[in-house]
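Subject: A structure to look through

Hello,

I am passing on a structure for you to look through, and below it you will find my notes on what turned up. Please keep the picture open while you read.

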Amino acid sequence: MAHPKRRHSTTRRDKRRSHDFGTPKTITVDPTTGEIHLRHRAHVFEGNLYYKGKMVVEGYAAQA
């Protein structure tokens, strides 16, 4: 098993561990459709694309 030649500093250790406790994504409910979606993201509801409570694209089909 490998052993480090030099000791890692506590700052370096803490920088690595900082990503373990990220904040959860903020979700919200669209006032028009009642659909739950991520904040500041467009979402599809019944084949239409909505953003900020307004229909942006009618008959939207997701591209693969």
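Before we come to the loops, a word on naming: helices and strands are DSSP runs, at least four residues long for a helix and at least two for a strand, and they are numbered from the N terminus. Please also bear in mind that this is a predicted model.

The overall picture comes first. The protein chain holds one helix and five strands, and along the sequence these follow the pattern α-β-β-β-β-β. The radius of gyration is 22 Å, well over the 11 Å that the globule rule gives for 64 residues, so the chain is more spread out than a compact globule. Along the principal axes, the C-alpha atoms fill a box of roughly 60 × 25 × 15 Å. Of the 64 residues, 12% count as buried, and among the contacts between residues at least 6 apart in sequence, 0% join residues at least 24 apart. The accessible surface comes to about 6200 Å², with 52% of it belonging to carbon and sulfur atoms.

Next comes the sheet. Three strands form an open sheet in the order E3-E4-E5, and their pairing is antiparallel. Strand E3 (43-45) and strand E5 stand at the edges, each with a single partner strand, so one side of each is left without a neighbour in the sheet. Neighbouring strands of this sheet are turned by 50 degrees against each other on average, with direction ignored. Strands E3 and E4, the latter covering residues 48-51, are joined by three bridges, and in this pair Phe45 stands opposite Asn48.

Which residue in the loop between E3 and E4 deserves a second look? Glu46 is placed in that loop, and Glu46 has a positive phi of about 55 degrees although it is not a glycine. Because exposed means over 50% relative accessible area, Glu46 counts as exposed at 70%. Lys52, found in the loop between E4 and E5, likewise has a positive phi of about 55 degrees without being a glycine, and Lys52 counts as exposed at 67% relative accessibility.

Finally, Ala61 lies in the segment after strand E5 (54-57) and is exposed, with a relative accessible area of 53%. Its C-alpha atom is separated by 8.1 Å from that of Asn48, 13 residues away along the chain.

Best wishes

Notes: Residues numbered from 1 in each chain as written. Predicted model: local features only at pLDDT ≥ 70, side-chain atom pairs only at ≥ 80, totals over all residues. Heavy atoms only, no water. Buried < 20%, exposed > 50% of the residue type's maximum accessible area, 1.4 Å probe, protein only. Pairing = 2+ DSSP bridges. Axes fitted to C-alpha atoms, helices over the stretch in contact; angles between N-to-C directions. Rg over C-alpha atoms; globule rule 2.2 N^0.38 Å. Contact = heavy atoms within 4.5 Å. Areas by Shrake-Rupley, 256 points an atom, 1.4 Å probe, with all protein chains shown as cover.
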